[in-house]
Amino acid sequence: MTAPSFVPFADRYLPATPPDVALATLHDALRRRRSVRMFSDRPVAKSTIEWLVRCAHTAPSGANKQPWRFVCVQDPAMKARIRAGAEAEEHEFYTRRANAEWRRDLEPLGTDEHKQFLTTAPWLVVVFQLTRGDDGSQVYYLKESVGLACGMLLAAAQLAGLATLTHTPSPMAFLGELLGRPAHERPFLLIPVGHASDDCVVPAQALERRPLDEVMVTV
Ligand code: IYR
């Protein structure tokens, strides 16, 4: 038994402006985030990627197990191998695995099996979920925890003026193999990070958000 130990909650974050002003500022940044598929090769400093991971790593997790690993790839040869692996899976997806409704849903996005962004973006952050702690211990609410951490990473990148994509080549097992990750790490999400290219375009459909009264219920 470990007795709980508590300390005063002293380091409280207080915004410089009233809540609705602070939130309107944050919302203005977040609403302009786009899934970017056309990256420039403009470099991003390793220190910036470290800050992104630090931000993601603040996420809450089941029993504070922090069941995540962020494998940050900048090596061009490894990015090329990841691209080849992803494009092989995506070829299967677009020619065989996706059903009719899924294909129709993807039409407005104009995506296909070609994933040039995987070699153009300066960094690929490959997020793994830890199905066990590194010490073999149990973990809890794995998807919720890792999903929250990824959301924080996306928000942090947006606040830093960086472009991201939540890429999900499926199945993703090839990522663990290529990156030599141990068996208790399971690939979760592949996030290219960098700058949008000068000629970057985004799907018009992706600019639409359903109205608040459709997604929010007040009781
Ligand atoms: N993983 C594929 C297909 C894809 C699926 C969904 I759901 C998207 O929102 C976008 C793409 C790809 O990356 O092309």
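**Entry 1: the second pocket**

I started with the second largest pocket, which has a volume of about 240 Å³. Keep in mind that I'm working from a predicted model here. I listed what lines this pocket: His-27, Leu-30, Arg-31, Arg-33, Arg-34, Gly-151, Leu-154, Ala-155, Ala-206, Leu-207 and Arg-209. Then I checked which elements give two or more residues to that lining, and they are α1 (19-31) and α6 (142-159). By class, I noted five nonpolar, two polar and four charged residues in the lining of the second largest pocket.

**Entry 2: the largest pocket**

Next I went to the largest pocket, with a volume of about 340 Å³. It is lined by 15 residues, and those closest to its centre are Glu-90, Phe-93, Tyr-94, Trp-102 and Thr-168. Two elements turn up with two or more residues each in this lining, α3 and α4. I jotted down that α3 provides the largest share, four residues. The class split for the lining of the largest pocket is six nonpolar, five polar and four charged.

**Entry 3: where the ligand sits**

Which pocket does the ligand take up? I looked, and the space taken by the ligand is the largest pocket. For the shell around the ligand, the elements giving two or more residues are again α3 (76-97) and α4 (100-106). Here α3 gives the most, with three residues.

I wrote out the residues around the ligand in full: Arg-37, Glu-90, Phe-93, Tyr-94, Trp-102, Leu-106, Leu-109, Thr-111, Asp-112, Lys-115, His-167 and Thr-168. I sorted this shell by class and got five nonpolar, three polar and four charged residues.

**Entry 4: polar contacts to the ligand**

Which side chains have an N or O atom by the ligand's own polar atoms? I took them one at a time.

- Tyr-94: an N or O atom of this side chain is 2.4 Å from an oxygen atom of the ligand.
- Lys-115: a polar atom of this side chain lies 2.5 Å from a ligand oxygen.
- Glu-90: here the partner is a nitrogen atom of the ligand, 3.1 Å from an N or O atom in the side chain.

Last, I checked how much of the ligand is covered. On its own the ligand has 370 Å² of accessible area, and the protein covers 72% of that.

**Entry 5: pulling it together**

I went back over Glu-90 and Tyr-94, since both appear in two of my notes. Glu-90 and Tyr-94 are among the residues closest to the centre of the largest pocket. Glu-90 has a side-chain N or O atom 3.1 Å from a ligand nitrogen, and Tyr-94 has one 2.4 Å from a ligand oxygen.

Conventions
Residues are numbered from 1 along each chain as its sequence is written. This is a predicted model: local features need pLDDT of at least 70, side-chain atom pairs count only at pLDDT 80 or more; totals for chains, interfaces and linings use all residues. Side-chain values use heavy atoms; hydrogens and water are left out. A residue is near a molecule or strand if one of its heavy atoms lies within 4 Å of it. A polar contact is a pair of N or O atoms within 3.5 Å; within protein, one must be able to donate a hydrogen and the other to accept it, and residues adjacent in sequence count only if both atoms are side-chain atoms. Accessible areas come from the Shrake-Rupley method with a 1.4 Å probe; for residues, only the protein chains shown count as cover. On a 1 Å grid over the protein atoms alone, a cavity is a set of points where a 1.4 Å probe fits but cannot get out, and a pocket is an open set with protein on both sides within 12 Å along at least five of seven lines; lining residues have an atom within 4 Å of a point. A molecule sits in a cavity or pocket if more than half of its atoms lie within 2 Å of its grid points. Ala, Val, Leu, Ile, Met, Phe, Trp, Tyr, Cys and Pro count as nonpolar, Asp, Glu, Lys and Arg as charged, and the others, Gly among them, as polar. Grid points are joined across faces, edges and corners, and a volume is the space filled by probe spheres set on the points.
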